[in-house]
Amino acid sequence: MKIHIVNGPNLNLVGRREPEIYGNQSLEDYFETLEAHYLEDELHYFQSNHEGALLDYLHEHGFSEGGIILNAGALTHTSLALGDAIKGIEAPVVEVHISNVYEREKIRHHSFLEQGCVHTIVGQGLEGYAQAIEFLRTYQG
Ligand code: DQA
């Protein structure tokens, strides 16, 4: 299956950023493990610190076959535009958060994305991305 793993602002710093929350492993590193494990799937990665670039990526790939795994970082809690984009595209989107956003500050409890997403995974560490792949592989729209 073709799967796009899309990460938003500051997720390029995972591994160095607040390790007590996000751990010590970088996403680049973890995605190599994913790639080795999911050999039959076609995994694509995209990270941007820019909301518009994330929107463009969703528009470009959201009408082709496959699924999207999206960790929009802080934009989750602020971006109605990303929420609208998810509703506007055809591909199923799984929302992932490394940390358990519901056990953190109140401002992180609200997601503009979740309504349009087919599933949400929080607080599973980087393993949440693997769980999202497993979900998409069996998801029947
Ligand atoms: C995050 C949670 C967000 O609240 C935060 O702004 C992030 C990362 C997570 O993966 O746990 O940047 O999406």
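Okay, one definition before we start: two strands pair if DSSP finds at least two bridges between them. Keep that in your head, and look at Leu 70, which stands opposite Glu 95 in strand S4. One caution as well: what you see on the screen is a predicted model.

Let's stay with the strands for a minute. Leu 70 is part of S3, which covers residues 67-71. Which strands does S3 pair with? On one side of the story there's S1, residues 2-7, joined to S3 by five bridges, and the two run parallel. If you want a spot to click on, Ile 3 stands opposite Gly 67 in S3. Then there's S4, residues 93-97, which is joined to S3 by three bridges, again running parallel. Besides Leu 70 and Glu 95, you can find Ile 69 opposite Val 94 there.

And S4 has another partner. With strand S5, residues 119-122, S4 pairs in the parallel sense over four bridges. Here the residues to look for are His 97 and, opposite it in S5, Val 122.

So how do you get from S3 to S4? Through helix H4, residues 80-88: S3, H4 and S4 together make a right-handed β-α-β unit. Try following that path on the screen.

Now, is S3 buried or exposed? Five of its five residues are buried, so S3 is largely enclosed by the rest of the structure. You can go through the two faces by name: Gly 67, Ile 69 and Asn 71 are buried on one side, and Ile 68 and Leu 70 are buried on the other. S4 is mostly covered too, with five of its five residues buried. There, one face has Val 93, Glu 95 and His 97, the other has Val 94 and Val 96, and both faces are covered.

Okay, on to the ligand. Which residues are around it? The list includes Asn 71 and His 97, and those two you've already met in the strands; also on it are Arg 17, Tyr 22, His 77, Ser 99 and Arg 108. Sorted by type, the shell has four nonpolar residues, five polar and two charged.

Three of these shell residues I'd like you to zoom in on. Ser 99 has a polar side-chain atom 2.6 Å from an oxygen atom of the ligand. For Asn 71, an N or O atom in the side chain is 2.8 Å from a ligand oxygen. And Arg 17 brings a polar side-chain atom to 2.9 Å from an oxygen atom of the ligand. How much of the ligand does the protein bury? Taken alone, the ligand exposes 320 Å², and the protein buries 99% of that.

Last stop: the loop between S1 and H1. Most residues other than glycine have a negative phi. Asn 10, in this loop, has a phi near 75°, a positive value. Glu 18 is in the loop between S1 and H1 as well, and its phi is positive too, about 30°. Asn 10 is partly exposed, with a relative accessible area of 36%, and Glu 18 counts as partly exposed, at 36% relative accessibility.

Just past the loop, Glu 20 lies in helix H1, residues 19-22. Why does Glu 20 count as exposed? Because its relative accessibility is 66%, and exposed means over 50%. Glu 20 is 19 residues from Met 1 in sequence, and in space the two are 33 Å apart, C-alpha to C-alpha.

That's my tour, thanks!

Technical notes: Residues numbered from 1 in each chain as written. Predicted model: local features only at pLDDT ≥ 70, side-chain atom pairs only at ≥ 80, totals over all residues. Heavy atoms only, no water. Near = heavy atom within 4 Å. Polar contact = N/O pair within 3.5 Å; in protein donor to acceptor, adjacent residues only side chain to side chain. Areas by Shrake-Rupley, 256 points an atom, 1.4 Å probe, with all protein chains shown as cover. Nonpolar A, V, L, I, M, F, W, Y, C, P; charged D, E, K, R; others polar. Buried < 20%, exposed > 50% of the residue type's maximum accessible area, 1.4 Å probe, protein only. Right-handed = clockwise from strand over helix to strand, strands pointing away.
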